[in-house]
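Here are my notes on this model, set out as numbered points. Please read them with the structure open.

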Amino acid sequence: MISKLLLIYSWFVRALLYFLPDVPLCMRFRGFLYSFGMLKCGKDFQVTHNAIIKDLQNISVGCNVFVGNSSVIMGSGDLSIENEVLIGPHVVIISGNHTKYRNSYRYGQAKVGDIFIGRGSWITSNCTIGMNSSLPEGSVLSANSFLNKKFETPNAIYGGVPANFIKND
């Protein structure tokens, strides 16, 4: 029941503030309103007007986090975003996945996992982050990449489909 109320609440926040410009004051206000449904939310959480954030009850966000245009964040499972993370435009972060039932993904039970995004990381544009994955502290996920596993080397560049270690930053 709580998750359905929070789904309506997140829709309400997005609909109410959609037409406000993407200036820091308005983006902070959006983040502030989203924070009421989250596990934890630090100061200066900025959300652009057309970003979509759902399943707030499973999301923890640190301080000075920015969510770019047309990004989608769905916290079906535990989603932890540490301080000073920059999420670029058109990023999809989903901590759940589908399973098959009778040879169809339509009616299979949902699987959930966790996602961890380390402090000071940058997720560039058009990236997808799937369940059971982590991006270490100070790392970059290069454009058009799919992160689907846990990496541990900090201050590195990761990229590709699926993402792999590219080099130390």
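1. Surface first. This is a predicted model. The protein chain exposes about 9000 Å². Carbon and sulfur atoms supply 58% of that area. As for the interior, 42% of the 169 residues count as buried.

2. Overall build. The protein chain has 2 helices and 19 strands. Its radius of gyration is 16 Å, close to the 15 Å that the globule rule gives for 169 residues, so the chain is as compact as a globular protein of that length. Along the principal axes, the C-alpha atoms fill a box of roughly 45 × 40 × 25 Å.

3. Contacts. Take the contacts between residues at least 6 apart in sequence. Of these, 21% join residues at least 24 apart.

4. Charges. The protein chain carries 15 positive and 10 negative charges. The mean positions of the two sets are 11 Å apart.

5. The sheet. What is the order of the strands in the open sheet of 7 strands? It reads 2-5-8-13-16-18-19, and the pairing is mixed. Strand 2 (46–47) and strand 19 (164–168) are the edge strands. Each of them pairs on one side only. In general, strands of a sheet pair through backbone hydrogen bonds, in either the parallel or the antiparallel sense.

6. Strand 18 and strand 16. Look next at strand 18, residues 156–159. Is its pairing with strand 16 (residues 140–141) parallel or antiparallel? The two strands pair in the parallel sense, over 2 bridges. Residue by residue, Val140 stands opposite Ile157, and Leu141 has Tyr158 as its bridge partner.

7. Strand 18 and strand 19. Here the strands run antiparallel, joined by 4 bridges. Ile157 appears again: its bridge partner in strand 19 is Lys167. Ile157 therefore has a partner on either side, with Val140 opposite it in strand 16 and Lys167 in strand 19.

8. The hairpin. Strand 18 and strand 19 form a hairpin with 4 residues between the strands. Gly160 takes a positive phi near 110° there. This residue deserves a look in the viewer.

9. Burial of strand 18. Which residues of strand 18 are buried on each side? Ala156 and Tyr158 are buried on one side. Ile157 and Gly159 are buried on the other. Both faces of strand 18 are thus covered.

10. To sum up strand 18. The strand pairs in parallel with strand 16 and antiparallel with strand 19. Its two faces are covered. Beyond strand 18, the order of the sheet ends at strand 19, which is an edge strand.

Key
Residues are numbered from 1 along each chain as its sequence is written. This is a predicted model: local features need pLDDT of at least 70, side-chain atom pairs count only at pLDDT 80 or more; totals for chains, interfaces and linings use all residues. Side-chain values use heavy atoms; hydrogens and water are left out. The radius of gyration is taken over C-alpha atoms; the globule rule is 2.2 Å times the number of residues to the power 0.38. Buried means under 20% relative accessible area, exposed over 50%, partly exposed in between (1.4 Å probe, protein chains only). Contact means heavy atoms within 4.5 Å. Accessible areas come from the Shrake-Rupley method with a 1.4 Å probe; for residues, only the protein chains shown count as cover. Lys and Arg count as positive and Asp and Glu as negative; His and the chain ends are not counted. The place of a charge is taken as NZ of Lys, CZ of Arg, CG of Asp or CD of Glu.
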